Structures are given as C-alpha cells and as structure tokens.
Amino acid sequence: MRSVWRGAISFGLVTIGVRLYTATEEHDFRFHQVHREDGGRIRYKRVCQVCGEEVAFADIAKGYELDDGRMVVMEAEDFEKLPVNTDHAIDVLEFVPVEEIDPIYFQKCYYLEPDKAAARPYVLLRTALEKSGQLAVVKITIRQRETLAMLRAREDLLVMHTMLWPDEVRKPEFDFLDGDIEVRPQELRMASSLVESMAGSFDPGEFTDDYTGALQKLIEAKAEGAELPERPESEDTGEVIDLMTALERSVEQARSARGESGRKSSSRSSGGKSSRSSRSSGSAGSKSGGKAAGKAAPKKKAKPA
C-alpha cells in the first residue's frame, strides 16, 4: 500500500509520527463511455467557455463563483497561506464514549502506521483507547481540506474515520414524521418475535455480493459470445395479505429455517450463531412483510443485505 498522508498525532505533549493508508477499496466494475457503433472510447476536451480554446491541464486553476457571477481564481500558494495547523498533524481534541458518535457522520476509513521511532507511544495510545472503550475526536487536513475525524483501536492498529461536519448532515423532512401513526400491540409483539427469530452474530464473511458476481458472468458471456444468463422469473401468487399475517408467516419461516417448530415459544436459545440459510429465509420473510398493502412477495432467493 502507498501512504496518502504523513504527519503526527498530537496527544497532549506526546507526538506520534504516523503514515495514513486508505483502509478500504471498492470492488466494482469501471465502465467507459464508448461509441455503440464501434466501441471507441469517448474523450472529452477541456475547453474554455470564454475564449473557446482547448486548455492544457497545467493551465487549469481552481475557481469559486460568487453570487454576483464573479469568478475568484485560487492558486496553490493561496491554500498554503490558510491559517490551519492540521496540515501535518492529527490534533486530538477530546475522548468520548463509542456510543456518543452517530455513524451517519462517518466518511472514509484509514489505517495508521507508526514511524519506527513512534511505535511505543503508538501502542500506548492504542491500548489506552482499547481499555477505556473511548474514541479520540481529532482534526486533520487532507487534500487541502480540514475535516473532523475520530481514532479507534481495531485489533493491533489505530484506525481513523473522517467525519462530516454537523452542518453537512441533512435534516430529514418527511410528511409522515408529522403524523400520528399507531402501531398495535399485537403487531409490535410479532415484529419483536421476528427480530428475535432472526437475531445472530454479525460475520461479514457470511455475505456475498451477488450482483457483482452476476455482472461478472454477464460480461464474460458477452466477451465469449456465449448465451447470456437470464433473470429467473418471479412467482406471483396474487394473494393479498395484511401486515399481521405477513409478520406471522415471516416468523414461522424464520423458525422453520432454524429447525424450530412453527408456533413454538418465542424464547431463543442463547449462544447460537445464525446460519446463512436463516439469514436468507429471514430476509425473504421480511420482504413479504413489506408487501402488506399489496400482493404477497414472490418466493425467491433473498440477497443478503
């Protein structure tokens, strides 16, 4: 891996030299825009709207348009003059309990590797976070932008999650939030029973990206001129069911997948880890619950969320 940032964690009077590495990568297909007739790549030219000439990349600067239409051109040295002290430092602001940070603020994840001389204070900070169950709220400047972030201990590493500022999180404004929606006690009991029937321990290795796998097969088939795979047809029973019936059937389906009798006591045996089949069946059941006002959901293989 190649580091994307180098600096130091400022922890009180302790300085910990670190390098930052991107912790995640997306395994997605990168499609190009092409000419349908011959498959040729579509290229774009950088053309100035004022003079109409093509502009070399070296002659392109950043510009910010004001409300009155004027354009403020920013040069690299302008950004270097900004009064920030986090361009080469991760400044620890405070330590907070894990449950106090809403995941909605999280953006990107990075691994932190200590410099050779900083391994001891690095391990000390990691161990302190691990034992306290706290997160370190920090500030850091990456790619000329100061951002809020948090540090946490993960296995033998310190991991940093960049975060949104509070004013970057949108306020939900939906009509249903102003209404008084009644949930009947028997529906809540059945929904709770469904949750309990589908409960398990999260193991990311149990889940697969079915869409990417299907897309890979489709691309390979087209490349070889082979017969293209077809989407399996879904069954439509035409049966209309209400919410309570959908919940009851979902609970029965989830219990059946776990080898329990249909209307057994809702108490779940402890220590059991959910199997892949229980997750798939549970997902199918929950989908049928979402069809309360319409037709029953077709019986088909559920894709893990």
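**A histidine contact and two nonpolar cores**

In this predicted model, the side chains of His161 and Arg152 are joined by a polar contact of 2.9 Å. His161 belongs to strand E9, and this histidine makes a good starting point for a walk through the structure. With a relative accessible area of 12%, His161 is under the 20% limit and therefore counts as buried. Leaving out residues up to four places away in sequence, the neighbours that His161 touches are Phe106, Lys108, Cys109, Leu148, Ala149, Met150 and Arg152.

The wider setting can now be described. The protein has 305 residues, 24% of which count as buried. Its secondary structure consists of 6 helices and 9 strands. Among contacts with a separation of 6 or more, 64% are between residues 24 or more positions apart. The protein exposes about 22,800 Å², and carbon and sulfur atoms supply 51% of this area.

Attention turns next to the interior. In soluble globular proteins, nonpolar side chains tend to be buried together. Here, the largest nonpolar core contains 21 residues, and those with the most contacts inside it are Ile9, Ile90, Leu112 and Met160. Two or more residues each are given to this core by strands E1 (5-11), E2 (14-22), E5 (89-97), E6 (106-114), E7 (134-142), E8 (145-154) and E9 (157-163), together with helix H2 (119-132). The largest share, 4 residues, comes from E7.

Ile9 offers a closer look at how this core is put together. When its neighbours within four places in sequence are set aside, Ile9 is in contact with Val14, Thr15, Ile16, Val18, Ile90, Val92, Leu112, Leu125, Leu151 and Leu158. A second core, separate from the one just described, has 7 residues. Val96, Leu135, Leu148 and Met150 are included in this second core. Two of these names have already appeared in the account of the histidine: Leu148 and Met150 are among the residues that His161 touches.

A loop residue completes the picture. Arg43 lies in the loop between E2 and strand E3 (62-65). Is this arginine buried or exposed? Arg43 counts as exposed because its relative accessibility is 64%, whereas His161 is buried. Along the chain, Arg43 and Gln33 are 10 residues apart, and their C-alpha atoms are separated by 8.5 Å.

Key. Residues are numbered from 1 along each chain as its sequence is written. This is a predicted model: local features need pLDDT of at least 70, side-chain atom pairs count only at pLDDT 80 or more; totals for chains, interfaces and linings use all residues. Side-chain values use heavy atoms; hydrogens and water are left out. A nonpolar core is a set of buried Ala, Val, Leu, Ile, Met, Phe, Trp, Tyr and Cys residues joined through side-chain atoms within 4.5 Å. Buried means under 20% relative accessible area, exposed over 50%, partly exposed in between (1.4 Å probe, protein chains only). Contact means heavy atoms within 4.5 Å. A polar contact is a pair of N or O atoms within 3.5 Å; within protein, one must be able to donate a hydrogen and the other to accept it, and residues adjacent in sequence count only if both atoms are side-chain atoms. Accessible areas come from the Shrake-Rupley method with a 1.4 Å probe; for residues, only the protein chains shown count as cover.
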